Amino acid sequence: MTGIFFRSYKIYYIWNCAMKQVERPEFKTKAHVVFDDLRQRIASGALIPGERLILKNVAQEFGCSEIPVREAFRSLAAGGFVELVPHGGAHVSAPNVQDIAELTEIRALLEPEATCLAAQRLDDTALLELDGILIEMAAVASAEHAPAYGALNRRFHDVILSHCPNRRLATTINDIWDRAERGRLVYLKGPRFIADSMNQHIEMVRLIRAGDFAALRELSVRHSQFGLHAVRDLVAWEDQSAARKVGSHR
Ligand SMILES: [Zn+2]
């Protein structure tokens, strides 16, 4: 069933990509590019807590001087992603999982409502965009690329939220997503978790097309709770590893 779905919409996906290529790229300063890239890698777990970021090496990687990298490090430190160390370097800080859990709890309360309000206003272009994202998600879900999957999950929900008629509600939810970005670490839970998540996204798009908003609300609540449980597992894991560290020091 899923295979048929993906084959049927492949042509729309290709069209979608072609349209995207003619869009003007967003202008970003070098510091912004470095900041965005490192933030993504930290949020996804590609860069792990404690990992050292050396100014000179990062500048070399991005082909720029050390000035924008220094600026990016300062912005990352302000967001709690890194801690600055003397002589311009930084190391990746540990995520505050308790914070992430609390923010995810708030999002789980708000997002089903926003999803239902928005779903009723999604046009064909938005639905095609969701189809395209689903195809991209399926590609990285099978390859178990957790960071890429996490980024696509955000994009999927962004497309829906951008149609929410209550702009304050949508902005509040987006702000929570930004603050709890490191919650994307949940996708490191493994292929089974990603497969369940994938199926929920496919079902969401099907229900939106069918105009079954009551079922969509139920599924959206379930989807939010599913994410929240995974974040709570992260908190429990963090508590256990902290306890293990205390134990090993006795
Ligand atoms: Zn999702």
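**Exercise 1. Which residue in β3 stands opposite Leu53? Place the pair in its sheet.**

Solution. The model is predicted: local features need pLDDT of at least 70, side-chain atom pairs count only at pLDDT 80 or more, and totals for chains, interfaces and linings use all residues. Residues are numbered from 1 along each chain as its sequence is written.

Step 1. The residue opposite Leu53 is Ala90 in β3. Strands here are DSSP runs of E with at least two residues, and helices are runs of H or I with at least four, both numbered from the N terminus.

Step 2. β1 and β3 (residues 90–92) run antiparallel and are joined by two bridges. Two strands count as paired if DSSP finds at least two bridges between them. In general, strands of a sheet pair through backbone hydrogen bonds, either parallel or antiparallel.

Step 3. The open sheet has three strands in the order β1-β3-β2, with antiparallel pairing. β1 (52–53) and β2 (82–84) are the edge strands, each pairing on one side only.

Step 4. Helix α4 (residues 66–78) packs on the sheet and touches β2 and β3. The direction of α4 makes about 120° with that of β2. Axes are lines fitted to C-alpha atoms, for helices over the stretch in contact, and angles run from 0 to 180 degrees between N-to-C directions.

**Exercise 2. Describe the chain as a whole and state the confidence of the model.**

Solution. Step 1. The chain has ten helices and three strands. Along the sequence they follow the pattern α-α-β-α-α-β-β-α-α-α-α-α-α.

Step 2. The average pLDDT (the predictor's confidence in each residue, from 0 to 100) is 83 for the chain, and 82% of the residues score at least 70. Over residues 1–25 the pLDDT is below 50, and this stretch has 15 contacts in the model beyond near neighbours in sequence. Two residues are in contact if their C-beta atoms, placed from the backbone, lie within 7 Å.

Step 3. Of contacts between residues at least 6 apart in sequence, 76% join residues at least 24 apart.

Step 4. Of the 250 residues in the chain, 31% are buried. A residue is buried if 20 or more other C-beta atoms, placed from the backbone, lie within 10 Å of its own, exposed if 12 or fewer, and partly exposed in between.

**Exercise 3. Which residues touch the most other members of the largest nonpolar core?**

Solution. Step 1. A nonpolar core is a set of buried Ala, Val, Leu, Ile, Met, Phe, Trp, Tyr and Cys residues joined through C-beta atoms within 7 Å.

Step 2. The largest core has 38 residues, and those touching the most other members are Leu134, Met137, Tyr149 and Leu161. At least two core residues come from each of α5 (97–119), α6 (124–142), α7 (146–161), α8 (167–179), α9 (191–210) and α10 (213–248).

Step 3. Beyond four places in sequence, Met137 is in contact with Tyr149, Leu152, Met198 and His201.

Step 4. Another core, of 16 residues, lies apart from the largest one; Ala43, Ala72, Leu76 and Val92 are among its members.

**Exercise 4. At what angle do α5 and α8 pack?**

Solution. Step 1. The angle is about 145°, and the axes are 10 Å apart.

Step 2. The contact involves Leu103, Ile106, Arg107, Leu110, Glu111 and Ala114 of α5, and Leu169, Ala170, Thr172, Ile173, Ile176 and Arg179 of α8.

**Exercise 5. Is Val34 buried or exposed? Treat Glu51 and Leu207 likewise.**

Solution. Step 1. Val34 belongs to helix α2. Val34 is buried because 24 other C-beta atoms lie within 10 Å. Not counting neighbours within four places in sequence, Val34 contacts Val58, Phe62, Pro68, Val69 and Ala72.

Step 2. Glu51 sits in the loop between α2 (30–44) and β1. Glu51 has 13 C-beta neighbours inside 10 Å and therefore counts as partly exposed. Outside four places in sequence, Glu51 is in contact with His91 and Val92. Its C-alpha atom is separated by 8.2 Å from that of Ser93, 42 residues away along the chain.

Step 3. Leu207, in helix α9, is partly exposed because 19 other C-beta atoms lie within 10 Å. Residues up to four places away aside, Leu207 touches Asp212, Ala215, Leu216 and Leu219.
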